[in-house]
Amino acid sequence: MGVDYVDLLYIHQPAGNWMAGYRLLEKAYRDGKAKNIGISNFEGKYIEELQNRWEIVPQFIQVEAHPYFTQQELRRTLDEYGIRLMSWYPLGHGDTSLMNEPIFSELGEKYGKTPAQVILRWHTQMGFVVIPGSKNVDHIRDNLDILDFKLTGEEMSEIAKLDKNVRYYHRTDEQLDEFAAWKPEFETE
Ligand SMILES: NC(=O)c1ccc[n+]([C@@H]2O[C@H](COP(=O)([O-])OP(=O)(O)OC[C@H]3O[C@@H](n4cnc5c(N)ncnc54)[C@H](OP(=O)(O)O)[C@@H]3O)[C@@H](O)[C@H]2O)c1
């Protein structure tokens, strides 16, 4: 990559021999090649298994999170170890029902912001790192412009009422096991 180190290196999915991969992340961290290490989509039994074996606690976990799905259960483990949550699908992957929830336009009017900006501000106040996707230059500009207002505790509690504990991206246990059993070509050779 032509750089001395990367800021964050993580495993996208518990797939294949992911523990061997995690050991290499730990090595990269010890060698100073990765300033932070992380995991993604390690929920339930996968983070429990890692928890029993990690030598270095990951600084980040990237998982689906948004006002409809706030990862309440996983956050108990994250809080215990000081792991930061990075939200994927933070705006609901373009689902208009999330963006059109009346509370976001009401708060947007109050603060002079768009509903998307209110949702992104909510993520940061939840302590989440947020990575919205956009192909629109005005949206990208807006998505960076969320640091000059603050939602009150009462407003955060109102938004919390939207939590339905429902994901956009559904995976069955069988699919997760299939991912976990997957072997890249270089491992099967
Ligand atoms: N680790 C994983 O397994 C995993 C899984 C899924 C996604 N991700 C990552 O998560 C990130 C976000 O995912 P995503 O892009 O699918 O979902 P998203 O950020 O929740 O939603 C993107 C949608 O929101 C719209 N949008 C963005 N900013 C907006 C704004 N200011 N106003 C109105 N609409 C706005 C976009 O449309 P426009 O293009 O028109 O702005 C697009 O339709 C990506 O980096 C992706 O790679 C990771």
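**Ligand site and largest pocket**

In this predicted model, the ligand is surrounded by 21 residues. The closest of these are Leu91, His93, Ser134, Lys135 and His139. Sorted by class, the shell around the ligand consists of 12 polar, 8 nonpolar and 1 charged residues.

Polar contacts to oxygen atoms of the ligand involve both side chains and backbone. An N or O atom in the side chain of His12 is 3.1 Å from an oxygen atom of the ligand. For Asn41, a polar side-chain atom lies at 2.8 Å from a ligand oxygen atom. At Gly92 the contact is made by the backbone, where a polar atom is 3.2 Å from an oxygen atom of the ligand. The ligand taken alone exposes 910 Å², and 71% of that area is buried by the protein.

The ligand occupies the largest pocket of the model. This pocket holds about 340 Å³ of space. It is lined by 18 residues, and those closest to its centre are Leu91, Met99, Gly133, Ser134 and His139. Two elements give two or more residues to the lining, namely helix 6, which spans 115–125, and helix 7, which spans 137–144. Helix 7 provides the largest share, with 3 residues. By class, the lining comprises 8 nonpolar, 8 polar and 2 charged residues.

The two residue sets can be read together. Leu91, Ser134 and His139 are listed among the residues closest to the ligand, and these three are also listed among the lining residues closest to the centre of the largest pocket. His93 and Lys135 are named among the closest to the ligand, while Met99 and Gly133 are named among the closest to the pocket centre.

Definitions and conventions:
Residues numbered from 1 in each chain as written. Predicted model: local features only at pLDDT ≥ 70, side-chain atom pairs only at ≥ 80, totals over all residues. Heavy atoms only, no water. Near = heavy atom within 4 Å. Polar contact = N/O pair within 3.5 Å; in protein donor to acceptor, adjacent residues only side chain to side chain. Areas by Shrake-Rupley, 256 points an atom, 1.4 Å probe, with all protein chains shown as cover. 1 Å grid on protein atoms, 1.4 Å probe; cavity = no way out; pocket = protein on both sides within 12 Å on 5 of 7 lines; lining within 4 Å. Sits in = over half its atoms within 2 Å of the grid points. Nonpolar A, V, L, I, M, F, W, Y, C, P; charged D, E, K, R; others polar. Points joined across faces, edges and corners; volume = space filled by probe spheres on them. Helix = DSSP H or I, 4+ residues; strand = E, 2+ residues; numbered from the N terminus.
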